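Student: I would like a close look at a single part of this model. Please take the smaller details slowly and link them to the whole.

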Amino acid sequence: MDLLQNIALGLGVALTLNNLLYAFVGCLLGTLIGVLPGLGPLATISMLLPLTYALPPEAALIMLAGIYYGAQYGGSTTAIIVNLPGESSAVVTALDGYQLARQGKAGLALASAAISSFFAGTIATVFITVMAKPLAQVAFQFGPAEYFAMMVVGLLLATVLSNARMIESVAMVVLGILLSCVGTDITSGDERFTFGVTKLFDGFDFVVMAMAVFGFAEIIKNLSEQDQGANLGTAKITRLMPRWADIKSIIWPATRGTAIGSVLGVLPGGGAALGSFASYAAEKKIAKDPSQFGKGALAGVAGPEAANNAASQTSFIPLLTLGMPSNAVMALMVGAMMIHDITPGPRVMETNPSLFWGLIASMWVGNLMLVILNLPLVGLWVKLLTVPYKLLYPAIMLLCCIGAYSLKNDVFEVYLAAIMCVVGYGIVALNLPAAPLLMGFILGPMLEENLRRALLISRGDFSVLFSSWISLGFYAVALVALVAMLAPSVQKKRVLLEE
Amino acid sequence: MLHREMVVGAGCMLVAGFFLLYGLQLPFGTAGRMGPGFLPVVTAGILGLLGAAILVQYVIAGGGQALPRVNWRALFLVTLSILAFAVLLKPAGLVVSSVVLILIADFASEGRNFRRTLLSGLLLGLASAGIFVKAIGLQMPLWPSFMAGF
């Protein structure tokens, strides 16, 4: 039994005292910061990334994964209690969750969210375990041309699927790739766009970029919208444990949500938000009484919560097996892995099995921790929400500045952050999508490397890019998706979704 | 009147122009042996085209969204506070630069309570000194250099 052995190996790594501690700290910090208004998983992860640099790779990734789930989870908690979704995937949770809270059933809504999430997390972990090997086998067939095709198509889909203004998203990806060119060219050793600044020879650090755009620029934007988080009616939290009848009523929504989320999470650009939207729509469609939705339907909390948790886990699949991040959070994970000299892709499983299976097992452990951690601590999270933004944002800024400095123990990174903050605010203020920028930035070097290799092998013949069935398959998928996106009916729905 | 789409399109083209201008000075190489200039020039070209496409779309649509209002004050003060932190960290240490960062950043929002802000700056500075330098072991000066060894 290969599978059981792998799980045992993974649990062996995840359950060591040290790694349990890091998973716990990750979940705790992630929730703590994810609960705060205006800070989604992207900001949370980029802020806390520097903390993990000194850790061994397993511990660092386990902690980061914990931070990610924690941030997701924190977002849902605030969505239910104060109708303030911490990030996009919790928007749907707020619809019915907050209504339940207003009816005095906040405890029930929170518990349902937690239980469905845990259920989804468990299934998704098994799903990853089963899927990982076969997918990695596929990836071993890839040459540079196939990798190039996968990245181009993945980048396109990831950005296009998540945003209505297609050209602008693609432009942001391209801008990200251009920014990633700054620094020393690996192959020739030539300096590109450094203008003789020695400290730029290593290029921009992706953490500085992420902090500046998702931290600083976001803060400036929030300061311009003054009513942030003020005078929210906070619902009282009552009885946390659901009755048997409640559990029975969420089993099926949670199961369907898990299935929807698991599938959507694997797709580029899918991820948590799409999963929860799709699940909500599905629950509403098959409900006996659809009019209950929006007025406090328990299924409208359980389904989407299961879906977004399942999706945020299965989005690790393309990253760990193919080396292709499917969304910006996973792109940050790529960056984090690179720092520890791990190139994400099919080889990780073989060269570093304890890291691979340890990370997967820790996903489940992390989910368990979140249930144990969050239900009793809900009161504390709610208190955090009453901290005024005025006190909060300077603290966030300080944390980011210290983080930027700690990257290389050099204030140069802090100066860079200040410059990127201005650029980032331009992007955020103009309402341009920032996540594609980050994805392009992180994938840029790999894209260039694979293109260069593919063309080197073919001696400059561009037809190599379209010469294998695998590459053609990727391009075909992209074409179908693009055509589907451009269909008028879909366009209309997406505009609605964005609003 | 300036519309958002005009700024975005023109901005893309400007940035593309910048990267083209300097990218063309790098060895371009051939397709079989890509030089360091290959990818930047090609991607900058694509960015320029996308910028142009945004402008064309805008012209065809015959109008666009209004430009967002820019919060110059917050932009200036937030950036200034980061710069101040960077300038002060080496000579004055983490605690002092934290206080300065928080004092300046605080001006970016409405309402002022100097004593409360100073206090929160001091507390956060000391807390991060304890957590990041003492506990995690980041290498950074804690106190002004003339107090070294304190």
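Student: Please walk me through chain B: how is it built, where do its residues sit, and how does chain B touch chain A?

Tutor: What follows starts with chain B as a whole, then goes to single residues, and then to its partner. Keep in mind that this is a predicted model.

Start with the fold. Chain B has 4 helices and 0 strands. Read along the sequence, the pattern is α-α-α-α. How spread out is this chain? The globule rule gives 15 Å for 150 residues, but the radius of gyration of chain B is 24 Å, so chain B is more spread out than a compact globule. Its C-alpha trace spans about 60 × 45 × 25 Å along the principal axes.

Now the division into domains. Domain 1 of chain B covers 4–61, and domain 2 covers 72–147. Their C-alpha centres lie 39 Å apart. Of the 150 residues in chain B, 36% are buried. Take the contacts in chain B with a separation of 6 or more: residues 24 or more positions apart account for 61% of them.

Zoom in on one residue, V15(B). V15(B) sits in helix α1, residues 4–23 of chain B. Is V15(B) buried or exposed? Count the other C-beta atoms within 10 Å: there are 20. The cut-off for buried is 20 or more, so V15(B) is buried. What does V15(B) touch beyond its neighbours within four places in sequence? The contacts are L175(A) and L47(B). One partner is in chain A and the other is in chain B. V15(B) also shows how the chain folds back: G48(B) is 33 residues away in sequence, yet the two C-alpha atoms are 8.0 Å apart.

Compare that with T117(B). T117(B) is in helix α4 of chain B. T117(B) has 20 C-beta neighbours inside 10 Å, and therefore counts as buried. Leave out residues up to four places away in sequence, and T117(B) touches I102(B), L103(B) and D106(B). L47(B) is another matter. T117(B) and L47(B) are 70 residues apart along the chain, and their C-alpha atoms are separated by 44 Å.

Next, the contact with chain A. It takes 56 residues from chain B and 52 residues from chain A. Which helices of chain B take part? α1, α2 (38–61), α3 (72–106) and α4 (114–135) each supply at least two residues of the side that touches chain A. α3(B) gives the most, with 16 residues. By class, this side of chain B has 37 nonpolar, 14 polar and 5 charged residues.

Turn to the partner. Chain A has 20 helices and 2 strands. A compact globule of 499 residues would have a radius of gyration near 23 Å, and chain A has 22 Å, which agrees. Its C-alpha atoms fill a box of roughly 70 × 55 × 50 Å along the principal axes. Buried residues make up 60% of chain A.

One helix of chain A is worth a stop. Helix α7 of chain A runs over residues 166–180. At 1.5 Å a residue, its 15 residues should span 21 Å, and its end C-alpha atoms are 21 Å apart, which agrees. Of those 15 residues, 13 are buried, so α7(A) is largely enclosed by the rest of the structure.

Now see how the two chains share an interior. The largest nonpolar core has 220 residues. Those with the most contacts inside it include M211(A), F216(A) and A417(A). Helix α5 of chain A, residues 91–140, gives the largest share of this core, with 24 residues. Chain B joins in too: the core draws at least three residues from each of its domain 1 and domain 2.

F216(A) shows this in detail. Not counting residues up to four places away in sequence, F216(A) touches residues of chain A, among them M211(A), M397(A) and C421(A). F216(A) also touches V78(B) and I82(B).

To sum up, chain B is an all-in-a-row set, α-α-α-α. Chain B is more spread out than a compact globule. Both of its domains supply residues to the largest nonpolar core.

Technical notes. Residues numbered from 1 in each chain as written. Chains lettered and ligands numbered in written order. Predicted model: local features only at pLDDT ≥ 70, side-chain atom pairs only at ≥ 80, totals over all residues. Domains from an automatic or database assignment. Buried ≥ 20, exposed ≤ 12 C-beta atoms within 10 Å, placed from the backbone. Contact = placed C-beta atoms within 7 Å. Expected span 1.5 Å × (residues − 1). Nonpolar A, V, L, I, M, F, W, Y, C, P; charged D, E, K, R; others polar. Rg over C-alpha atoms; globule rule 2.2 N^0.38 Å. Core = buried A, V, L, I, M, F, W, Y, C linked by C-beta atoms within 7 Å.
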